[in-house]
Amino acid sequence: MNDADRSDERLGVAVIGAGYWGPNLVRNFQACDRFRLRWLCDLDAGRARQVLGDYSTVRATDDYAAVLADPEVHAVAVATPAGTHVDVALAALRAGKHVLVEKPLATTYADGLRLVTEAEERGLTLMCDHTYCYTPAVTKIRELVHEGALGDVHYVDSVRINLGLVQRDIDVLWDLAPHDLSILDFILPEHVQPVAVAAHGADPIGAGRDCITYLTLQLSTGAIAHVHVNWLSPTKVRTTMVGGAKRTLIWDDLNPAQRIAVFDRGVDLATPRDLGADERRQALISYRSGDMVAPALGEREALGAMVGEFAAAITGRRAPLTDGRAGLRVLDILEAASRSLSFRGAVVGLRTGPERPERNVNTTAGAGR
């Protein structure tokens with residue numbers, strides 16, 4: 001019996017990793033009526049038992065092979081350190097399980113491509129936990145951009161800065177930028193793609209890795225996207241601006257009263273065909289100053305929405321909104337930006353040709369449990 005025939009039944013799922021993110025996945029899988037959480041697996045079985053509590057019927061273990069051998073486990077959620085993602089996820093895919101992977105998909109593009117290829121060849125769902133994409137704010141931004149409410153996208157500017165924890169193993173680019181890059185990938189229309197990136201970074205405190213990075217992305221339409229990530233800012237800022245030909249949107253994630261504001265203000269350029277014969281020697285710029293609208297946003301937990309999308313993709317045999325190829329596109333930009341940093345800001349092209357991932361490809365046709 002296939003997924004569609006058994007869509008009224010709950011999918012058995014196991015969470016791998018009981019560290020920082022694993023307990024959040026445990027809570028949301030338990031709250032989702034589409035899943036039945038069966039296992040929590042961690043190298044420290046005692047920690048897994050502590051996360052579950054004394055009265056949980058979910059099994060705790062340190063034996064990953066036992067989890068994969070359970071025929072009642074249809075899906076696996078990987079919340080282990082990034083360096084282990086490829087081995088843990090590959091084992092699950094080869095055992096015939098659908099897989100959800102915490103960001104980043106892998107630590108290299110090559111490893112990410114291995115996961116995507118394995119999932120596609122086996123007809124299994126591979127999804128990236130790009131949680132921000134499932135917030136009401138980002139969902140609304142995607143809707144407005146895709147329906148053309150902003151007009152053609154001219155620029156995107158994103159700032160993610162705070163006095164943050166300087167990581168020991170990665171720089172600020174790999175720590176913070178995956179959030180902004182996954183959001184950018186999520187909200188852009190299908191015909192607008194990043195084609196090249198230039199990055200500049202600095203380590204003013206001598207941490208041994210960049211603590212401040214600026215990324216500039218060239219988009220296929222001639223538009224531009226900019227990302228600023230910083231561990232050293234005394235204030236926390238989480239803003240994204242999307243400038244379009246018709247309207248400009250500003251998202252302030254730290255302003256719960258007005259997370260999104262859409263401004264009907266901008267610059268209009270009159271083309272020669274719109275002008276009289278005496279004016280055609282020059283194009284005229286006019287400034288538009290209209291209303292500001294703050295769209296109403298529904299309240300929901302992003303991680304819960306992400307878990308629901310995982311279930312819907314499995315049972316509907318379709319690619320999830322943040323599928324493996326979305327994760328692969330983010331890795332492509334991160335690797336190119338790292339190369340740009342090593343070459344002092346040189347422009348580095350992104351992958352093109354047959355290997356270039358396309359958006360919204362249904363990679364799960366024929367997927368079964």
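## Ground rules

Helices (H or I, at least four residues) and strands (E, at least two) are DSSP runs, numbered from the N terminus. This is a predicted model, in which local features need pLDDT of at least 70 and side-chain atom pairs count only at pLDDT 80 or more, while totals for chains, interfaces and linings use all residues. Residues are numbered from 1 along each chain as its sequence is written, and side-chain values use heavy atoms, with hydrogens and water left out.

## The parallel sheet

Let's start with the strands. An open sheet is formed by 6 strands with parallel pairing, in the order β3-β2-β1-β4-β5-β6 (two strands pair if DSSP finds at least two bridges between them). At its edges are β3 (59–61) and β6, each of which pairs on one side only. On average, neighbouring strands of this sheet are turned by 20 degrees against each other, direction ignored (axes are lines fitted to C-alpha atoms, for helices over the stretch in contact, and angles run from 0 to 180 degrees between N-to-C directions).

Strand β5 (residues 98–102) runs parallel to β6 and is joined to it by 4 bridges. Within this pairing, Val101 has Cys128 in β6 as its bridge partner. The loop between β5 and α5 (109–122) holds Pro104, and the peptide bond leading from Lys103 to Pro104 is cis, with omega near -5 degrees.

## Antiparallel neighbours

Elsewhere the strands run the other way. β7 and β11 are antiparallel, joined by 9 bridges, and Ser158 has Thr240 in β11 as its bridge partner. β11 also pairs with strand β12 (residues 248–252) in the antiparallel sense, over 5 bridges. Here Thr240 stands opposite Trp251 in β12, so to speak facing a partner in each of two pairings. A hairpin through 3 residues joins β11 to β12.

Strand β10 (residues 224–230) contains Asn230, which is buried with a relative accessible area of 9% (buried means under 20% relative accessible area, exposed over 50%, partly exposed in between, with a 1.4 Å probe and protein chains only). Asn230 and Arg160 are 70 residues apart in sequence, yet their C-alpha atoms are 6.8 Å apart in space.

## Rings and charges

How many aromatic pairs does the structure hold? There are 4 aromatic pairs, where rings of Phe, Tyr and Trp (its six-membered ring) pair if their centres lie within 6.5 Å, with planes under 30 degrees apart counted as stacked, over 60 as edge-to-face and the rest as tilted. The ring centres of Phe29 and Phe35 are 4.9 Å apart and the planes stand at 85 degrees, so this pair is edge-to-face. Phe29 and Phe35 are both buried, and ring pairs link Phe29, Phe35 and Phe310 into a cluster.

Tyr134 and Phe186 make a tilted pair, 6.2 Å centre to centre with 50 degrees between the planes. Because Tyr134 lies in the loop between β6 (126–129) and α6 (136–146) and Phe186 in helix α7 (residues 172–187), the pair ties together parts that are 52 residues apart in sequence. Tyr134 is buried, at 4% relative accessible area, and Phe186 also counts as buried, at 4% relative accessibility.

Phe186 has a charged visitor as well: the charged end of Arg142 sits over its ring, 4.6 Å from the centre (a charge sits over a ring if NZ of Lys or CZ of Arg is within 6 Å of the ring centre and within 35 degrees of the ring normal). Arg351 lies over the face of Tyr109, at 3.6 Å from the ring centre.

## The largest pocket

The largest pocket encloses about 1300 Å³ of space. On a 1 Å grid over the protein atoms alone, a pocket is an open set of points where a 1.4 Å probe fits, with protein on both sides within 12 Å along at least five of seven lines, and lining residues have an atom within 4 Å of a point. Grid points are joined across faces, edges and corners, and the volume is the space filled by probe spheres set on the points.

Of the 40 lining residues, Tyr20, Glu102, Lys103, Asp175 and His179 lie nearest the centre of the largest pocket. β7 (153–163), α7 and β11 (232–244) each supply at least two residues of this lining, and α7 gives the most, with 6 residues.

## Two arginines with positive phi

Arg317 has a phi near 55 degrees, a positive value in a residue other than glycine. Arg317 is found in the loop between α8 (302–316) and α9 (324–342) and counts as partly exposed, at 24% relative accessibility.

Arg344 is not a glycine either, yet has a positive phi of about 55 degrees. Its place is in the loop between α9 and β15 (348–349), and Arg344 is exposed, with a relative accessible area of 78%.
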